[in-house]
Amino acid sequence: MTTGIGAHRKHIQRRNELVEILRSKGIRDERVLAAIQSIPRHIFVDTALENRAYEDSALPITCGQTISQPYTVATQTELMQVEKGDKILEIGTGSGYQAAILCHMGADVYSVERHEELYHGAKKKLHELGYRANLKLGDGTLGWSAYAPYDGIVVTAGAPVVPDDLIKQLNVAGRLVVPVGSQKSQVMVRIIRVSEDSYREEHLQHFKFVPLIGEKGWD
Ligand code: SAH
């Protein structure tokens, strides 16, 4: 069992090491790195995996899903260019870790998850850490129109195509970051809404995510 001040210090040291790994892999946004340095990732994984929480790897969570690799979280967050006060929508709450990172950066966070167990688990953890993210149980391929438009939208599961509802829910100057491809491999796509009716699309590195399942995703 790892509790108490010794465990606390050990986690801080491991988070510092993780931040150095992410820096060496090319993450530059200091606000993203500071959030990763602060958020206790071990709280978002099963206690049996606690000692692996600060490795730069994806780990299994419940419902056959994964908490994304820290490098992936850092890359997606950096690509969204999050500013304090930005309204951000996340599709795929999962463990709640990415939502905690966004809350720590001062964003106004909205997040949708399709698995009830994960939705409740993330809600509890974010609440325990004192973060107020707005969580919804439902199909995130349709976005969350009630609170649109968003300054940033991040999809943390792999999509077959860019869901058009998400594009429509972007603010002007808003950034949508979504992995698109087959179920085996996806390219990170960033779409920036340049004006009311024009968009710029960039294709970046390849990643491997769990599938985005829903009306505008996989069956
Ligand atoms: N951001 C999460 C990563 C979780 S993995 C974290 O920090 O832990 C991706 C998540 O997307 C899974 O929990 C999966 O259930 C969820 N998901 C897949 N399709 C979805 C959809 N259409 N709407 C909402 N969530 C979805």
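In this predicted model, the ligand is surrounded by 26 residues, and the closest of them are E90, S95, E113, G140 and I213. Polar approaches to the ligand come from side chains as well as from the backbone. A polar atom in the side chain of S95 lies 2.6 Å from an oxygen atom of the ligand, and a polar backbone atom of Q98 is found 3.1 Å from a ligand oxygen atom. A nitrogen atom of the ligand, in turn, is 3.1 Å from an N or O atom belonging to the side chain of T156. The ligand would expose 580 Å² if taken alone, and the protein buries 99% of that area.

Strand β6, which spans residues 150–155, has neighbouring strands with which it pairs. With strand β3 (residues 87–91), β6 pairs in the parallel sense over four bridges, and within this pairing L89 stands opposite I153 of β6. With strand β7 (residues 170–181), β6 likewise pairs in the parallel sense, again over four bridges, and here the bridge partner of I153 is L176. I153 therefore has a partner in β7, namely L176, as well as standing opposite L89. Six of the six residues of β6 are buried, so the strand is largely enclosed by the rest of the structure.The loop between β5 (134–137) and β6 contains T141. With a relative accessibility of 1%, T141 falls under the 20% limit and so counts as buried. The side chain of T141 makes a polar contact of 2.8 Å with the side chain of D139, and it also reaches the backbone nitrogen of K216 at 3.0 Å. The loop between β5 and β6 also holds P149, which is joined to A148 by a cis peptide bond with an omega of about 5 degrees. Most peptide bonds are trans, and most residues other than glycine have a negative phi.

Positive phi values are found at C63 and at Q81. For C63, phi is near 60 degrees; this residue lies in the loop between β1 and β2 (66–67) and, at 27% relative accessibility, counts as partly exposed. For Q81, phi is near 50 degrees. Q81 comes just after helix α3, in the loop between α3 and β3, and its relative accessible area of 38% makes this residue partly exposed. Helix α3 itself (residues 70–80) is mostly covered, with 10 of its 11 residues buried. Among these buried residues are P70, Y71, T72 and V73, together with L79 and M80.

Aromatic rings form a further set of contacts. A pair of such rings is described by the distance of the centres and the angle of the planes. The model contains seven aromatic pairs, counted with ring centres within 6.5 Å of each other. The rings of F44 and Y97 have centres 5.8 Å apart and planes at 70 degrees, an angle over the 60 degrees required, so this pair is edge-to-face. The pair formed by F44 and Y97 links distant parts of the chain, 53 residues apart: F44 lies in the loop between α2 (30–38) and β1 (59–60), whereas Y97 belongs to helix α4 (residues 97–104). Both partners are buried, F44 with a relative accessible area of 3% and Y97 with a relative accessibility of 2%. Elsewhere, ring pairs link Y110, W144, Y147 and Y150 into a cluster.

Charged side chains also meet members of these aromatic groups. The charged end of R41 sits over the ring of Y97, at 5.6 Å from the centre of that ring. In a corresponding arrangement, the charged end of K87 sits over the ring of Y150, 5.8 Å from its centre.

Notes
Residues numbered from 1 in each chain as written. Predicted model: local features only at pLDDT ≥ 70, side-chain atom pairs only at ≥ 80, totals over all residues. Heavy atoms only, no water. Phe/Tyr/Trp six-rings, centres within 6.5 Å; stacked < 30°, edge-to-face > 60°. Helix = DSSP H or I, 4+ residues; strand = E, 2+ residues; numbered from the N terminus. Buried < 20%, exposed > 50% of the residue type's maximum accessible area, 1.4 Å probe, protein only. Lys NZ or Arg CZ within 6 Å of the ring centre and 35° of its normal. Near = heavy atom within 4 Å. Polar contact = N/O pair within 3.5 Å; in protein donor to acceptor, adjacent residues only side chain to side chain. Areas by Shrake-Rupley, 256 points an atom, 1.4 Å probe, with all protein chains shown as cover. Pairing = 2+ DSSP bridges.
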